[in-house]
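Okay, thanks for coming, everyone. I'll put the structure up on the screen and then talk you through it.

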Amino acid sequence: EITSGKAAFSMFALKGEDFPNLPELTSDKGFEISADKIRLMISKVSHSIAEVDNRPMLCGAFFKITEGNMEVVSCDSYRLSKCNIKCDIASIATSGNLNYSFIIPGHALNELSKNLADGEDEAVEFYISRKHAIIKCDDIIFFTRTIDSEYIDYNRIIPKENNIFVSVSRERMLKYYDVLRDTMCS
């Protein structure tokens, strides 16, 4: 019971022993990368992550990590986003291996990007286990399940040859965008 002045509250609680234990936050597979790079990659692909789909792999973003390269892909059946960036990725695995692929749910990526503060060029540590991802940045430990599924063959979907090309003046396009944004915000 909690009382303060004229107010009195009764709260019901369960013993801590009744709750399931959290999974162990360790893994022998992992890598370290800049927080700016992770935030950039999430912003480039988050718009095409499916909210609800009967194929669970489309409700997340596919990460493919190799030596000096990170690729992030998302698809919601209508849009496909692929972002590839060459960057410094340090292995923190016991084997020194840097060849990982995993799917992180979209809702977890949104929360992760909120927790990575803007303008910080800190290192983010990713630890990958069979069913979980642990992300550490400063004093924040972010824990999420991964989607245990094979991702779609996105390279097959992307056209290899294209005979349609469009050239646009960058300044004119940005000016049009500013005018459009101002009218929509009014």
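So, let's go straight to the open sheet: five strands, running in the order β7-β3-β9-β10-β11, with antiparallel pairing. The two edges are β7, residues 90-91, and β11, residues 140-145, and each of those pairs on one side only. One thing to keep in mind as we go: this is a predicted model.

If you're new to sheets, the general idea is that strands pair through backbone hydrogen bonds, either parallel or antiparallel.

Zoom in on the β11 edge. Its partner there is β10, residues 132-137, and the two run antiparallel over six bridges. To pick out one pair, Lys136 has Ile141 in β11 as its bridge partner.

While we're on β10, find Ile134, which sits in that strand. Is Ile134 buried or exposed? Buried: its relative accessible area is 1%, and the cut-off for buried is under 20%. From Ile134 to Thr146 you go twelve residues along the sequence, and the C-alpha atoms are 9.8 Å apart in space.

Now over to another pair of strands, β5 and β6. β5 covers residues 69-75, and it pairs with β6 in the antiparallel sense over seven bridges. Across that pairing, Val73 stands opposite Lys82 of β6. Together the two strands make a hairpin with four residues between them, and in the turn Ser77 has a positive phi, about 80°.

β6 itself, residues 80-86, is a nice one to look at side-on. Which of its side chains point to the buried face? Those are Ser81, Cys83 and Ile85. Leu80, Lys82, Asn84 and Lys86 point to the other face and are not buried. That fits the general picture, where side chains in a regular strand alternate between the two faces of the sheet.

Okay, zooming out to the whole protein. In total we have four helices and eleven strands. The radius of gyration is 21 Å, well over the 16 Å the globule rule gives for 186 residues, so the protein is more spread out than a compact globule. Along the principal axes, the C-alpha trace spans about 70 × 55 × 35 Å.

How many of the residues count as buried? That's 33% of the 186. For contacts with a separation of 6 or more, 64% come from residues 24 or more positions apart.

Last up, the surface and the charges. The protein exposes about 13200 Å², with carbon and sulfur atoms supplying 51% of that. There are 22 positive and 28 negative charges, and their mean positions lie 7 Å apart.

Notes:
Residues numbered from 1 in each chain as written. Heavy atoms only, no water. Rg over C-alpha atoms; globule rule 2.2 N^0.38 Å. Buried < 20%, exposed > 50% of the residue type's maximum accessible area, 1.4 Å probe, protein only. Contact = heavy atoms within 4.5 Å. Areas by Shrake-Rupley, 256 points an atom, 1.4 Å probe, with all protein chains shown as cover. Lys, Arg positive; Asp, Glu negative; His and termini not counted. Charge placed at Lys NZ, Arg CZ, Asp CG, Glu CD. Pairing = 2+ DSSP bridges.
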